Amino acid sequence: FREEVKRDRSMRDSIKKARTLCDQGLTSGDRSKFDEAIRTCDQALRRIGSRSELYQCKGVILNSAGKKKKAIKYLERSISLDSECHLSYFQKGAANVASS
């Protein structure tokens, strides 16, 4: 049980860091912030494992960075792990429209 709580806390911290970096990239136009946010998600996926929230986070960041086709791949993975992940559906739809 303690390990699960520790993983959840680590996941939430990683998502918070990645989202902050993504927001900084959006507001400043600094593309390196997106790259750092994606690396943060990748590290969390390796450390914590396959979690819908992490795939969603990476998909949202990729979508924000303009990498629509890659974003769709991660958002679909998020949905496959948690079919009630509404933000993943929304972001996937936005990425599909933008990449058409």
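The following paragraphs lead through the helix packing of this structure, which is a predicted model.

The account begins at the N-terminal side, with helix H1 (2-28) and helix H2 (31-48). The axes of these two helices come within 7 Å and cross at roughly 170°. Angles over 145 degrees count as roughly antiparallel, and H1 and H2 are therefore roughly antiparallel to each other. Their crossing is left-handed. On the H1 side, the contact is made by Arg 7, Ser 10, Met 11, Ser 14, Lys 17, Ala 18, Leu 21, Cys 22, Gln 24, Gly 25 and Leu 26. On the H2 side, the contributing residues are Lys 33, Phe 34, Glu 36, Ala 37, Thr 40, Cys 41, Ala 44, Arg 47 and Ile 48. Sorted by class, this contact of H1 with H2 has 10 nonpolar, five polar and five charged residues.

Helix H3 comes next and occupies residues 52-64. Its 13 residues reach 18 Å from the first C-alpha to the last, which is close to the 18 Å expected at 1.5 Å a residue. H3 is mostly covered, with 11 of its 13 residues buried. The buried residues are Ser 52, Leu 54, Tyr 55, Gln 56, Cys 57, Lys 58, Gly 59, Val 60, Ile 61, Leu 62 and Asn 63. The cover over these residues includes H1, H2, helix H4 (68-81) and H5. After H3 comes Gly 66, whose phi is positive, near 85°.

Two of the helices that cover H3 can be described further through their packing against H3. The axes of H3 and H4 come within 8 Å and cross at roughly 160°. With the limit for roughly antiparallel set at over 145 degrees, H3 and H4 are therefore roughly antiparallel to each other. H3 passes H4 in a left-handed crossing. From H3, Ser 52, Tyr 55, Gln 56, Lys 58, Gly 59, Val 60, Leu 62 and Asn 63 take part, and they meet Lys 68, Lys 70, Ala 71, Tyr 74, Leu 75, Arg 77, Ser 78 and Leu 81 of H4. By class, the contact of H3 with H4 has seven nonpolar, five polar and four charged residues.

The packing of H3 against helix H5 (residues 86-99) has an angle of about 25°, and the axes are 10 Å apart. Angles under 35 degrees count as roughly parallel, and H3 and H5 are therefore roughly parallel to each other. H3 passes H5 in a left-handed crossing. Here Gln 56, Val 60 and Asn 63 of H3 make the contact with Leu 87, Ser 88, Gln 91, Ala 94 and Ala 95 of H5. By class, this contact of H3 with H5 has four nonpolar, four polar and no charged residues.

The final residue to consider is Gln 91, which lies in helix H5. The relative accessible area of Gln 91 is 13%; buried means under 20%, and Gln 91 is therefore buried. Leaving aside residues up to four places away in sequence, Gln 91 touches Val 60, Asn 63 and Leu 75. Val 60 and Asn 63 belong to the H3 side of the contact with H5, while Leu 75 is among the H4 residues that meet H3. Gln 91 and Glu 36 are 55 residues apart in sequence and 20 Å apart in space, C-alpha to C-alpha; Glu 36 is one of the H2 residues in the contact with H1.

Methods: Residues are numbered from 1 along each chain as its sequence is written. This is a predicted model: local features need pLDDT of at least 70, side-chain atom pairs count only at pLDDT 80 or more; totals for chains, interfaces and linings use all residues. Side-chain values use heavy atoms; hydrogens and water are left out. Axes are lines fitted to C-alpha atoms, for helices over the stretch in contact, and angles run from 0 to 180 degrees between N-to-C directions. Helices (H or I, at least four residues) and strands (E, at least two) are DSSP runs, numbered from the N terminus. Angles under 35 degrees count as roughly parallel, over 145 as roughly antiparallel, 65 to 115 as roughly perpendicular and the rest as oblique. A crossing is left-handed if the near helix is turned anticlockwise from the far one by less than a right angle, and right-handed if clockwise. Contact means heavy atoms within 4.5 Å. Ala, Val, Leu, Ile, Met, Phe, Trp, Tyr, Cys and Pro count as nonpolar, Asp, Glu, Lys and Arg as charged, and the others, Gly among them, as polar. The expected span of a helix is 1.5 Å times one less than its number of residues. Buried means under 20% relative accessible area, exposed over 50%, partly exposed in between (1.4 Å probe, protein chains only).
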